[in-house]
Amino acid sequence: MEGMEILKPVVALAIWTMVMWVWMYATRIPAITALPKSNDPNADVGWTGAKLEGLIKPSIQWKAHNYNHLHEAPTVFYAVALVLALIGQGGGINLTIAWVYVALRVAHSIFQSTVNKVAPRFGLFVLSSLALMMLVTHAAIAVFTR
């Protein structure tokens, strides 16, 4: 079917999100295990990821922060890419923009999870957001001018 090529970057970003999930827990579980043990058997009852902010190294938490970020703006990407696929507009320039978006999100993930300097990280976020805005605009034009 025409326009379905855009599903490839959708699946690629979903795969990347799972890679970040593995990386997050591969670093977080050993860090949690290394924490001093409490005599209170309920000391860790009801914990959330936020509780870990002061307990484990920030560089460990960066992976979790990024994993959370991959469930924010990318949800708009998934929705708009599916719309573009359904209306047969998932090829050409939209496909290119979708791949650019995915590449920028992967770069953002790697940068945030390793170096985490805010200004360059924000630059990657802005560029990915501009790509996403272009996809939303193209979808809106296609849907509302039919």
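1. In helix α5, the buried residues are R121, L124, S128, S129, A131, L132, L135, A139 and A142. These buried residues of α5 pack against α2, α3 and α4. The model under discussion is a predicted one, and every point below should be read in that light.

2. The length of α5 may be checked against expectation. Its 27 residues should span 39 Å at 1.5 Å a residue, and the end C-alpha atoms lie 37 Å apart, which agrees.

3. Helix α1, residues 7-33, also invites this check. It has 27 residues, and the distance from its first C-alpha to its last is 39 Å, close to the 39 Å expected at 1.5 Å a residue.

4. The buried residues of α1 are P9, V10, L13, W16, T17, M20, M24, T27, R28 and A31. An α-helix has 3.6 residues a turn, so residues three or four places apart point the same way. The cover over the buried residues of α1 includes α2 (58-69), α3 (73-86) and α4 (92-114).

5. T27 is a residue of α1 and is among those buried in that helix. A polar atom of the T27 side chain lies 3.0 Å from the backbone oxygen of W23. When residues up to four places away in sequence are not counted, T27 touches I60 and K63.

6. W21, likewise placed in helix α1, has a relative accessibility of 39% and therefore counts as partly exposed, since that class lies between the 20% limit for buried and the 50% limit for exposed. Between W21 and A50 there are 16 Å in space, C-alpha to C-alpha, with a separation of 29 residues in sequence.

7. N66 belongs to helix α2. Is this residue buried or exposed? N66 is buried, because its relative accessible area is 0%, and buried means under 20%. Its side chain makes a polar contact with the side chain of S109, at 2.7 Å. Apart from neighbours within four places in sequence, N66 is in contact with M20, H108, S109, Q112 and S113. One of these, M20, is a buried residue of α1.

8. L86 is located in helix α3. With a relative accessibility of 72%, L86 counts as exposed. L86 and M1 are 85 residues apart in sequence, yet their C-alpha atoms are 9.5 Å apart in space.

9. N116 occupies the loop between α4 and α5 (118-144). The backbone of N116 deserves a comment: its phi is positive, about 60°, although the residue is not a glycine. Most residues other than glycine have a negative phi. N116 is buried, with a relative accessible area of 14%.

10. The remaining point concerns empty space. Rolling a probe the size of a water molecule over the atoms shows where such space is left. The largest pocket holds about 240 Å³. Which residues line the largest pocket? The lining consists of I32, L35, P36, K37, S38, D40, P41, A43, D44 and W47. By character, the lining residues of the largest pocket divide into six nonpolar, three charged and one polar. I32 falls within the range of α1, residues 7-33.

How values were computed
Residues numbered from 1 in each chain as written. Predicted model: local features only at pLDDT ≥ 70, side-chain atom pairs only at ≥ 80, totals over all residues. Heavy atoms only, no water. 1 Å grid on protein atoms, 1.4 Å probe; cavity = no way out; pocket = protein on both sides within 12 Å on 5 of 7 lines; lining within 4 Å. Points joined across faces, edges and corners; volume = space filled by probe spheres on them. Nonpolar A, V, L, I, M, F, W, Y, C, P; charged D, E, K, R; others polar. Helix = DSSP H or I, 4+ residues; strand = E, 2+ residues; numbered from the N terminus. Expected span 1.5 Å × (residues − 1). Buried < 20%, exposed > 50% of the residue type's maximum accessible area, 1.4 Å probe, protein only. Contact = heavy atoms within 4.5 Å. Polar contact = N/O pair within 3.5 Å; in protein donor to acceptor, adjacent residues only side chain to side chain.
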